[in-house]
Amino acid sequence: MSRSSKKGPFIEPKLLKKIMKQKAAGDKTPIKTWARHSVVAPEFVGHTLLIHQGKNFVEVFVSEAMVGHKLGEFAPTRTFRGHGRIVKRVLAKT
């Protein structure tokens, strides 16, 4: 279920504060965040975020097309390893 339109999108306050601080300073260093549930705001465009993936961080450069999506969408947590392996059988010579 989505968030009420009356409340507006959820943006992590600490993350927004860090972005605004970087914008004022003109700094472009990546910002580490664990807030995968936060929505990408227009203020994030042009910044690089390090989004936590469960074990490590994924570097994501925020573009205009990402606005409105959640940060977790850009750092998948599961790795697909395939449905099955085709294994060659070696027949023993008798």
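Biologist: Which residue stands opposite Leu-50 in strand 3?

Modeller: Glu-59 does. Keep in mind that this is a predicted model. Leu-50 and Glu-59 belong to a longer pairing: five bridges join strand 2 to strand 3, residues 57-61. The two strands run antiparallel. Another partner pair is Leu-49 with Val-60 in strand 3.

Biologist: What connects strand 2 and strand 3?

Modeller: A turn. The two strands form a hairpin, with four residues between them. Look at Gly-54 in that turn: its phi is positive, about 110 degrees.

Biologist: Let me step back. How many helices and strands does the protein have?

Modeller: One helix and three strands. Read from the N terminus, the order of elements is α-β-β-β.

Biologist: In what order do the strands sit in the sheet?

Modeller: The sheet is open and its order is 1-2-3, with mixed pairing. Strand 1 (31-33) and strand 3 each have a single partner strand, so each leaves one side without a neighbour in the sheet. On average, neighbouring strands are turned by 30 degrees against each other, ignoring direction.

Biologist: And where does helix 1 pack?

Modeller: On the sheet, where helix 1 touches strand 1 and strand 2. The direction of helix 1 makes about 175 degrees with that of strand 1.

Biologist: The pairing is mixed. Do strand 1 and strand 2 run parallel or antiparallel?

Modeller: Parallel, joined by three bridges. Within that pairing, Thr-33 stands opposite Ile-51 in strand 2.

Biologist: How should I read the two faces of a strand?

Modeller: Start with the general idea. Side chains in a regular strand alternate between the two faces of the sheet. Now take strand 2. On one side are Thr-48, Leu-50 and His-52; on the other are Leu-49 and Ile-51. Both faces are covered, and these residues are all buried. That is five of the five residues in strand 2.

Biologist: Take Thr-48 in strand 2. Why does Thr-48 count as buried?

Modeller: Its relative accessible area is 14%, and buried means under 20%. Beyond its sequence neighbours up to four places away, Thr-48 touches Thr-29, Pro-30, Ile-31, Glu-59, Val-60 and Phe-61.

Biologist: Now the interior. How many residues has the largest nonpolar core?

Modeller: It has 13. Those with the most contacts inside it are Leu-15, Val-40, Phe-44, Leu-49, Ile-51, Val-62 and Leu-71. Two elements give two or more residues to this core: helix 1 (13-25) and strand 2 (48-52).

Biologist: Which residues does Leu-71 touch?

Modeller: Leave out residues up to four places away in sequence. Then Leu-71 touches Leu-15, Thr-33, Ala-35, Arg-36, Ser-38, Val-40, Leu-49 and Ile-51.

Biologist: How do I read an aromatic pair?

Modeller: Use two numbers. A pair of aromatic rings is described by the distance of the centres and the angle of the planes. A search of the whole structure finds one such pair. The rings of Trp-34 and Phe-57 have centres 5.0 Å apart and planes at 85 degrees, so the pair is edge-to-face.

Biologist: Where along the chain do the two rings sit?

Modeller: Trp-34 is in the loop between strand 1 and strand 2, and Phe-57 is in strand 3. They are 23 residues apart, so-called distant parts of the chain linked by the pair.

Biologist: Is Trp-34 buried or exposed?

Modeller: Exposed, at 55% relative accessibility. Phe-57 is partly exposed, with a relative accessible area of 26%.

Biologist: What does the overall shape look like in numbers?

Modeller: A compact globule of 94 residues would have a radius of gyration near 12 Å, but this protein has 20 Å. Its C-alpha atoms fill a box of roughly 75 × 35 × 20 Å along the principal axes. Buried residues make up 26% of the 94. Now the contacts between residues at least 6 apart in sequence: 42% of them join residues at least 24 apart.

Biologist: One last residue. Where does Gly-82 lie?

Modeller: In the segment after strand 3. Gly-82 is partly exposed, with a relative accessible area of 42%. Its C-alpha atom and that of Met-20 are separated by 42 Å, and the two residues are 62 apart along the chain.

Technical notes. Residues numbered from 1 in each chain as written. Predicted model: local features only at pLDDT ≥ 70, side-chain atom pairs only at ≥ 80, totals over all residues. Heavy atoms only, no water. Core = buried A, V, L, I, M, F, W, Y, C linked by side-chain atoms within 4.5 Å. Buried < 20%, exposed > 50% of the residue type's maximum accessible area, 1.4 Å probe, protein only. Contact = heavy atoms within 4.5 Å. Pairing = 2+ DSSP bridges. Axes fitted to C-alpha atoms, helices over the stretch in contact; angles between N-to-C directions. Phe/Tyr/Trp six-rings, centres within 6.5 Å; stacked < 30°, edge-to-face > 60°. Rg over C-alpha atoms; globule rule 2.2 N^0.38 Å.
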